[in-house]
Amino acid sequence: MNSKLENLWEEVRELSLGTTPQIDRLHTPPTPLQFLRHYLSQNKPFILSASAATTLQWPATTLWTSTSYLLNTLSSSTVSLHLTPTGQADSLTQHPTNPDSLCFASAHVQRTSFSDAIDAIKASRKNDSSKGFVAYAQQQNDCFREEYGALARDCDSHIPWATEAMGGLPEAVNLWIGNDLSETSFHKDHYENLYAVVTGEKHFLLLPPTDVHRMYIREYPAAQYTYSEESEEFELKLENPERYVPWCSVNPYPLPKDKEKEMSKFPFYYNGPKPFEVTLKAGEILYLPSMWFHHVRQTPDNRGLTIAVNYWYDMQFDIKYAYFNFLQSLSFCKPRLNDGDSFINENLSNGDKNHKEE
């Protein structure tokens, strides 16, 4: 049973992505029909290069390189700023009361002026042995239209060829402003994502939904950071009432001292095909299909900022969604294991009746 399912994963991956280790790079925008036929329907990513990308026609690509322009335009705006001690929000960290276990930690979010948010991002430093924080403007609630509306004229309100192919406007448009200290752990979204970098660079690791068994998804208790400006210290508390969040257990960049242990815990990740590596430069757009697993790092511009805009379009909950859910139910992972426990390669026919969708 196991070998047959592994063959299925490999065949689906090869049919949809081919055998090349590279993501397609387009030098002209696709027509709606090309996008629908070759990428959307196949759940296949691509990069639209800076030589032809829609973003090159945006005023944002020149205007947003000026911090003074951003400060003046958003002088009366209040934005949501996410604070963490390490730059890793919505990720796994040490359980606050059980050092041998992990929890899913969400950032401390505070409302602040845009000017103060920029100052905090530039002043960010990891809280390893001294006091400090990492600030990231990344509120994922249609924040570009809700909190940064004064900048709306600097970008397209939607991606025309994607809107026509998908038959509707984006559900949400988000703005991301951070620096090299912020990192997004492996996860997937139930949206068709068009991700445009305006300044700096974004570095993605991508895995298709059929590689779900390599992500070791399990349920972790949810926790929340709170930050005290007086003491400049964080406190991590479990949510009450108790809540569990299904999340990917794999860290693709472990510390050298931890790498051997990580490889032994997550053999299907480390011994399988390497993730697709994508560096998205200023002016480029990534089509990130729904339910693809992605991990994101970033490199700032010469001011120390990385700025990006992404468009979330509703995905179709069709046969592919049912298929991927079926694969996930047959995954190798057991939920709610203690960190000290080993992941068990169970007989895949057993499934997991208690597993929850992200």
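**Notebook: salt bridges, aromatic pairs, strands and pockets**

**Entry 1. Salt bridges**

I began with Arg111 and Glu147, whose side chains meet in a salt bridge at 2.7 Å, N to O. I then looked up where the two residues sit. The pair links distant parts of the chain, 36 residues apart. Arg111 belongs to strand β6 (residues 108-113), and Glu147 lies in the loop between α6 (143-146) and α7 (160-166). I note here that the model is predicted.

Is Glu147 buried or exposed? Its relative accessibility is 9%, so I entered Glu147 as buried, the cut-off for that word being under 20%.

I recalled the general point behind such contacts: side chains of opposite charge can pair when their charged atoms come close. The count of salt bridges comes to 10, and I looked up two others.

Arg214 and Asp211 meet through their side chains in a salt bridge of 2.8 Å, N to O. Arg214 counts as buried because its relative accessibility is 2%. Asp211 has 3% and therefore counts as buried too.

Arg303 and Asp301 also form a salt bridge, at 2.7 Å from N to O. Arg303 has a relative accessible area of 17% and is therefore buried. For Asp301 the relative accessibility is 19%, so Asp301 counts as buried; the limit is under 20%.

**Entry 2. Aromatic pairs around Tyr287**

I next turned to the aromatic rings. A pair of aromatic rings is described by the distance of the centres and the angle of the planes. The structure has 22 aromatic pairs.

I looked up Phe35 and Tyr287, which form an edge-to-face pair with 5.0 Å centre to centre and 85° between the planes. This pair links distant parts of the chain, 252 residues apart. Phe35 is in helix α2 (residues 32-40) and Tyr287 is in strand β16 (residues 285-288). Both Phe35 and Tyr287 are buried.

Phe46 and Tyr287 form another aromatic pair, and this one is tilted. I recorded 5.8 Å centre to centre and 45° between the planes. Phe46 lies in strand β2 (residues 46-48), Tyr287 in strand β16, and 241 residues separate them. Phe46 has 0% relative accessibility and so counts as buried. Tyr287 is buried because its relative accessible area is 0%.

Which residues make up the aromatic cluster that holds Tyr287? I listed Phe35, Tyr39, Phe46, Trp161 and Tyr287 as one cluster.

**Entry 3. Strands β11, β15, β12 and β14**

I followed the side chains along strand β15 (residues 276-280) and found that they alternate. Phe276, Val278 and Leu280 point to one face and are buried. Glu277 and Thr279 point to the other face and are not buried.

How many bridges pair strand β11 with β15? I recorded five, with strand β11 (residues 201-207) and β15 pairing in the antiparallel sense. As one bridge in detail, His203 has Thr279 of β15 as its partner.

I then looked up β12 and β14, which run antiparallel and are joined by five bridges. Glu219 has Pro246 in β14 as its bridge partner. Strand β14 is mostly covered, with four of its five residues buried.

**Entry 4. Pockets**

For the last entry I looked for open space. Rolling a probe the size of a water molecule over the atoms shows where empty space is left.

The largest pocket has a volume of about 1100 Å³. It is lined by 36 residues, and those closest to its centre are Gln88, Leu92, Leu102, Asn251 and Asp258. Among the elements that give two or more residues to this lining are β12 (217-228) and β14 (244-248), the two strands that I had found joined by five bridges. Which element gives the largest share of the lining of the largest pocket? I found that it is β4, with four residues. By class, the lining of the largest pocket divides into 14 nonpolar, 11 polar and 11 charged residues.

The second largest pocket has a volume of about 640 Å³. Its lining holds 36 residues, and Asp90, Gln140, His187, Asp189 and Trp247 lie nearest its centre. I sorted the lining of the second largest pocket into 15 nonpolar, 14 polar and seven charged residues.

How values were computed. Residues are numbered from 1 along each chain as its sequence is written. This is a predicted model: local features need pLDDT of at least 70, side-chain atom pairs count only at pLDDT 80 or more; totals for chains, interfaces and linings use all residues. Side-chain values use heavy atoms; hydrogens and water are left out. On a 1 Å grid over the protein atoms alone, a cavity is a set of points where a 1.4 Å probe fits but cannot get out, and a pocket is an open set with protein on both sides within 12 Å along at least five of seven lines; lining residues have an atom within 4 Å of a point. Grid points are joined across faces, edges and corners, and a volume is the space filled by probe spheres set on the points. Ala, Val, Leu, Ile, Met, Phe, Trp, Tyr, Cys and Pro count as nonpolar, Asp, Glu, Lys and Arg as charged, and the others, Gly among them, as polar. Buried means under 20% relative accessible area, exposed over 50%, partly exposed in between (1.4 Å probe, protein chains only). Two strands pair if DSSP finds at least two bridges between them. A salt bridge is a side-chain nitrogen of Lys or Arg within 4 Å of a carboxyl oxygen of Asp or Glu. Rings of Phe, Tyr and Trp (its six-membered ring) pair if their centres lie within 6.5 Å; planes under 30 degrees apart count as stacked, over 60 as edge-to-face and the rest as tilted.
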